[in-house]
Amino acid sequence: MDYTKQNSLSMKAKSRYNSDCSVKGVVKNFIKIKKDASVSKPISSGSSIADKSLVTKIPVVGSIVKRLNQSSMVGAYIAHGINAYKESCINRKKK
């Protein structure tokens, strides 16, 4: 049995993401990464009904909470986009 061949095959990292550097491939990786690493809202009461009533009954506080939650989601989407691009295009060159 040739152990060098077996080790070289097992040393290659298999990625769950595709190596397609087209827009379609990057979008598919983005969707997979978004599902894997979902980000929860940093400011939440834990109840969607309470969150909606906060926005409608106290609009000033509700708008501040909404903006803070959106800013963290935008940061998460940017990070997911960077990771999707790296998985699609940069890691393809290593394989």
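**Questions on a four-helix model**

Buried residues make up 15% of the 95 residues in this protein.

Reader: What does the secondary structure of the protein come to?
Author: This is a predicted model. From the N terminus on, its elements run α-α-α-α. Strands number zero, and the count of helices is four.

Reader: Which element of the protein has the lowest mean pLDDT, and which the highest?
Author: The mean pLDDT of the protein is 80, and 79% of its residues reach 70 or more. Where pLDDT is low, predicted coordinates should not be read in detail. Helix H1, residues 3–11, has the lowest mean at 49, while the highest, 90, belongs to H2.

Reader: What share of the contacts with a separation of 6 or more is between residues 24 or more positions apart?
Author: Take the disulfide pair as a case of distant parts being linked: Cys-21 and Cys-89 are 68 residues apart. Now take the contacts in the protein with a separation of 6 or more. Residues 24 or more positions apart account for 71% of them.

Reader: Which residues form the largest nonpolar core?
Author: The residues of a nonpolar core must be buried, and their side-chain atoms must join within 4.5 Å. In this protein the largest such core has five residues. They are Tyr-17, Val-26, Ile-33, Ala-84 and Cys-89.

Reader: Which elements give two or more residues to this core?
Author: One of the core residues is Val-26. Setting aside neighbours within four places in sequence, Val-26 is in contact with residues including Ala-84 and Cys-89. The elements that give two or more residues to the core are helix H2 (23–36) and helix H4 (59–94).

Reader: Where in the chain do the two cysteines of the disulfide lie?
Author: The structure holds one disulfide. Cys-21 and Cys-89 form it, with their sulfur atoms 1.9 Å apart. The pair links distant parts of the chain: Cys-21 lies in the loop between H1 and H2, and Cys-89 in helix H4.

Reader: What is the handedness of the disulfide of Cys-21 and Cys-89?
Author: Look at the torsion about the S-S bond. For Cys-21 and Cys-89 it is about 100°. The disulfide is therefore right-handed.

Reader: Is Cys-89 buried or exposed?
Author: Buried means under 20% relative accessible area. Its partner Cys-21 has 30%, so Cys-21 counts as partly exposed. Cys-89 has 4%, so Cys-89 is buried.

Reader: Which side chain makes a polar contact with the side chain of Asn-29?
Author: Asn-29 lies in helix H2. Its relative accessibility is 0%, so Asn-29 counts as buried. Beyond neighbours within four places in sequence, its contacts are Tyr-17, Asn-18, Ala-84, Glu-87 and Ser-88. The polar contact, at 2.5 Å, is with the side chain of Ser-88.

Reader: Which backbone oxygen does the side chain of Asn-69 reach?
Author: Asn-69 lies in helix H4. Its relative accessible area is 9%, so Asn-69 is buried. Leaving out neighbours within four places in sequence, Asn-69 is in contact with Lys-41, Pro-42 and Ile-43. Its side chain reaches, at 3.0 Å, the backbone oxygen of Ile-43.

Reader: With which residues is Asp-36 in contact, leaving aside neighbours within four places in sequence?
Author: Asp-36 has its place in helix H2. Its relative accessible area is 44%, so Asp-36 is partly exposed. With those neighbours left aside, Asp-36 is in contact with Arg-16 and Tyr-17.

How values were computed. Residues are numbered from 1 along each chain as its sequence is written. Side-chain values use heavy atoms; hydrogens and water are left out. Buried means under 20% relative accessible area, exposed over 50%, partly exposed in between (1.4 Å probe, protein chains only). Contact means heavy atoms within 4.5 Å. pLDDT is the predictor's confidence in each residue, from 0 to 100. A disulfide is a pair of cysteine sulfur atoms within 2.5 Å. A polar contact is a pair of N or O atoms within 3.5 Å; within protein, one must be able to donate a hydrogen and the other to accept it, and residues adjacent in sequence count only if both atoms are side-chain atoms.
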